[in-house]
Amino acid sequence: MPAASTPLPSPAAEALDQSLSPECRVPGSKLYTLARLKAVKAALKEKRPIRVLSIGSSSAGLGASASYPVKLENALEQALPDVQVEVEARGLPGEVASGAGERLRSMVAEMEPDLVVWQVGTNDALARVGIEAFGEALDESVQWVKSHGIDIVLIDPVFTESLADDAYYTQMVRTVQEVARREAVPLVHRYAAMRFLSTQRTTEAHMLGRHFRLNDLGLRCMAEHATRAITLSLLQPEAAKDAGKADAGKTDALKTDHATSGTAKTDPAQTGTSSAGPTPAPKQP
């Protein structure tokens, strides 16, 4: 009688990111795509406060959203010890990418931020903005921000079970991923993270309230997720041609302009990081 075959072991599940609060933990591959943050690094080197401009759907200052800037500021200061962070939210209810892009010029001139954190795509999707027009508006604005020596982090749309199979909505998520990859800027995979967290509980109401607005827990998790993407991006290595130089008087490697970013996959819920291996966070929240 032939010996019974031994079943092959199933692949080990990816470990959750333990630096996050238990309610917010997701695998790194479903959380961020990393890229270098030159302006924030410069502020850290100069030992001055980091100025952050937050725009987008959860930066409108309505209801629970009013607490988001404080949550983000606290999370960043906890992750970056002895660093002062100043977060100012300038979102408008229902604002689409083209409108936010137009306002960016005046907001940047007034605030002179080191970093823009932009939650983008949800309002455009709800307004059924054309995918191509949305992508062009987002791309143009990201390029404009970068051309002024300012870092930018994108946060893609929220996840909801009711739109999980909506081809237009998931294409909007992919478009944000494509712009982040093309422009080599960090991306917080909010859609994938929320989708993962929704599978860990019986209902998605734990993070998403009415009218596509994040509740208090959703805002806290988003602040932690954005902070994780920012702190790990700050640890991204410099360009290879500068990595081996030990000369103390060498030109600051921040002047090199080779950002590292991951490649977004076809399924917006399955994303990867740009780092070659696990990178420790500066400090666990």
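**Exercise 1. Find the loop that holds A184, and say what is unusual about the backbone there.**

Solution. A184 belongs to the loop between helix 6 and strand 6, where helices (H or I, at least four residues) and strands (E, at least two) are DSSP runs numbered from the N terminus. Next, look at the backbone angle: A184 has a positive phi of about 55°, although it is not a glycine. As background, most residues other than glycine have a negative phi. A second case is K47, not a glycine either, with a positive phi of about 55°; K47 sits in the loop between helix 1 (38–45) and strand 2. Finally, K47 is exposed, at a relative accessible area of 78%, given that buried means under 20% relative accessible area, exposed over 50% and partly exposed in between (1.4 Å probe, protein chains only).

The model used in these exercises is predicted, so that local features need pLDDT of at least 70 and side-chain atom pairs count only at pLDDT 80 or more, while totals for chains, interfaces and linings use all residues. Residues are numbered from 1 along each chain as its sequence is written, and side-chain values use heavy atoms, with hydrogens and water left out.

**Exercise 2. Determine whether helix 7 is enclosed or open, and name the elements it packs against****.**

Solution. Begin with the residues: R190, Y191, A192, A193, M194, F196, L197 and S198 of helix 7 are buried. These are eight of the ten residues of the helix (residues 190–199), so helix 7 is largely enclosed by the rest of the structure. Then turn to the surroundings, where the buried residues pack against several elements, among them strand 4 (115–119), strand 5 (151–155), helix 6 (167–183) and helix 8 (216–234); contact here means heavy atoms within 4.5 Å.

**Exercise 3. Work out the strand order of the sheet and identify the strands at its edges****.**

Solution. Six strands form an open sheet in the order 1-6-5-4-2-3, with mixed pairing; two strands pair if DSSP finds at least two bridges between them. At the edges stand strand 1 (32–33) and strand 3 (85–89), each with a single partner strand, so one side of each is left without a neighbour in the sheet. For a closer look at one pair, strand 2 (residues 50–56) runs parallel to strand 3 over five bridges, and R51 stands opposite E86 in strand 3.

**Exercise 4. Locate the disulfide and explain which parts of the chain it ties together****.**

Solution. The structure holds one disulfide, a term for a pair of cysteine sulfur atoms within 2.5 Å. The two partners are C24 and C221, with an S to S distance of 2.0 Å. Because C24 lies in the segment before strand 1 and C221 in helix 8, the pair ties together parts that are 197 residues apart in sequence. The link of C24 and C221 is left-handed, with -80° about the S-S bond, and both C24 and C221 are buried.

**Exercise 5. Place N74 in the structure and relate it to A223****.**

Solution. N74 is found in helix 2 (residues 68–79), and at 44% relative accessibility N74 counts as partly exposed. For the second step, compare sequence with space: N74 and A223 are 149 residues apart in sequence, yet 8.8 Å apart in space from C-alpha to C-alpha.
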